[in-house]
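Reader: I would like a close look at a single part of this protein. Please take me through one pocket, slowly, and say how each term is defined.

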Amino acid sequence: MRQRLLTEQNKKWWTLGAVAVGLFMIMLDNTVVNVALPAIQRDLGADLSSLEWIVSGYALTFAALMLTGGKLADAYGRRLIFVLGIAVFTLSSLACGLATSEDMLIAARVVQGAGAALMNPATLSIIAATFAPKERGMAIGIWAGVAALALAIGPLVGGLLTEHLDWSWIFFVNVPVGIAGIATSFVFIEESRDDTHERLDIPGLITSGLGLFALTYALIEANTYGWGSAWIVGGFAAAAVLLVAFLLLERRQRAPMLDLSLFRSGTYAGANLVILLVALAMFGVFFFVSLYMQNILGYSAVQTGAAFLPMTVLIILAAPMAGKASDRFGSRWLMTAGMVLISVQLLYFSQLASDASFWRLLPALLVGGLGMSLTMTPSTAAATRAVPVEKAGVGAAVLNAFRQVGGSMGIAVMGAIVASRAGGERSPEAFMRGFEAALLTASVIAFAGAIVAAALVRSHHERRTAPAVVPEVG
């Protein structure tokens, strides 16, 4: 029976399904926490900066270690590193659920991000090694649909678990899923690796990780210590020095963690920059829209999660179709249209009042769902087509690192804007001032992403007729 199930024709789809289990789990944890934040705040006595660290601590280590995760997957086996990541993620999820203080929860979330960084790049590299170029867009569309579904239903799942059980169950639920993911990986995923790998880039890992941490710390804590304080100015200065040092090191390393030659392809550079900008615009918005719905509109945790359902359904329906369309027509104009729609959504959200009804929220949710689908899937497809298959792990890791860096920075930047405009007040009026300013900023960032997509990204049909600086997949 098992032999019939695993024929050459359908085995690749079982592989995709096994990868999707792990992907769903790690992407769910990007947004499942947002709806639970008020409950966590009450139970653990956390302030706003601690809540930001609970979310961005996960995104930060996810981003900082993503490139290393891709290197490890290519070097030592994509299935091996994927399974190791699931194990780390599952154990740290258990620790999150058992946390009794904000510091314990933040620490466990940081480890959780490390597990996700091992898993995520392996998912795309396994797909690239399994599917032929002509089918890869469809497979990536499903991959992106699973990721988008997890991100989208995170608020609803978080709301249901928080309201009917306890916020700790948003983490406990990962334990059985993680065990199932490990089992299915060994059954359905074949091992693959890049035999040309070289040693790990430890200096690159240290400088990039510390640089991102210093930048995030300065943004989140600026309103606590003061933007002009020596501590915060020093944080920004350290971030600048470390990130410049990282780029200089990567130019000189024989086996760099970040292969800067990949960015000679305008399509690859454009796709990564668009992913960075959409995450920068949207991650902070999800964080503060959840707080807006519960603390300003008076929604329960379940009502807040359910409010995102129209966006969820649209993403589920549109993401695979966007993947197929990118195979046929290219990604450039799909990405451009998607970023314009996201910009419109954020502009609309910025005009909402403190007594908005669900029907006022609905148009923005629908526009944003379509925009996210048109942006995320074609961006991923464009980036993976622009790297050779033997470097798929590193290429996927860079793409996902850009998304997580954008997410981490988005929470920090939007949080800094909200706190700055609130001016130390804790009233609904003060929050709304900051909320409006943050959303207007996010809308401008998203529109900049549309310009980047139109200017840099080229369809694979166009690239076939011109000499390629970077080897193409298909």
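Author: What follows describes one pocket, some residues of the helices around it, and a surface patch.

This is a predicted model, in which local features need pLDDT of at least 70 and side-chain atom pairs count only at pLDDT 80 or more, while totals for chains, interfaces and linings use all residues. Residues are numbered from 1 along each chain as its sequence is written, and side-chain values use heavy atoms, with hydrogens and water left out.

The part in view is the second largest pocket, with a volume of about 480 Å³. A pocket is an open set of points on a 1 Å grid over the protein atoms alone, where a 1.4 Å probe fits, with protein on both sides within 12 Å along at least five of seven lines. Its volume is the space filled by probe spheres set on the points, which are joined across faces, edges and corners.

The lining of this pocket consists of 20 residues (those with an atom within 4 Å of a point). Nearest the centre lie L212, L243, L276, F402 and V405. By class, 18 lining residues are nonpolar, two are polar and none is charged. Here Ala, Val, Leu, Ile, Met, Phe, Trp, Tyr, Cys and Pro count as nonpolar, Asp, Glu, Lys and Arg as charged, and the others, Gly among them, as polar.

At least two lining residues come from each of α3 (48-76), α9 (202-225), α10 (230-252), α11 (266-296) and α16 (392-422). Helices are DSSP runs of H or I with at least four residues, numbered from the N terminus. The largest share of the lining, seven residues, belongs to α16.

Some residues of these helices can be placed individually. A401 is in α16 and counts as buried (under 20% relative accessible area) because its value is 6%. Its C-alpha atom is 8.5 Å from that of A117, although 284 residues separate the two along the chain. In α11 sits A271, also buried, at 0%. Between the C-alpha atoms of A271 and F402 there are 9.8 Å, across 131 residues of chain. V233, in α10, is partly exposed (from 20% to 50%) at 43%.

Now the surface. V340, V344, F447 and I451 make a nonpolar patch of about 340 Å². α14 (332-350) and α17 (428-456) each give two or more residues to this patch. F447 lies in α17 and, at 44% relative accessibility, is partly exposed. Such patches join nonpolar side chains (Val, Leu, Ile, Met, Phe, Trp, Tyr) within 5 Å, from residues with over 30% relative accessible area and no salt bridge. A salt bridge is a side-chain nitrogen of Lys or Arg within 4 Å of a carboxyl oxygen of Asp or Glu. Accessible areas come from the Shrake-Rupley method with a 1.4 Å probe, and for residues only the protein chains shown count as cover.

Definitions and conventions. Patches are made of residues with over 30% relative accessible area and no salt bridge: like charges are joined within 9 Å, nonpolar side chains (Val, Leu, Ile, Met, Phe, Trp, Tyr) within 5 Å. Buried means under 20% relative accessible area, exposed over 50%, partly exposed in between (1.4 Å probe, protein chains only).
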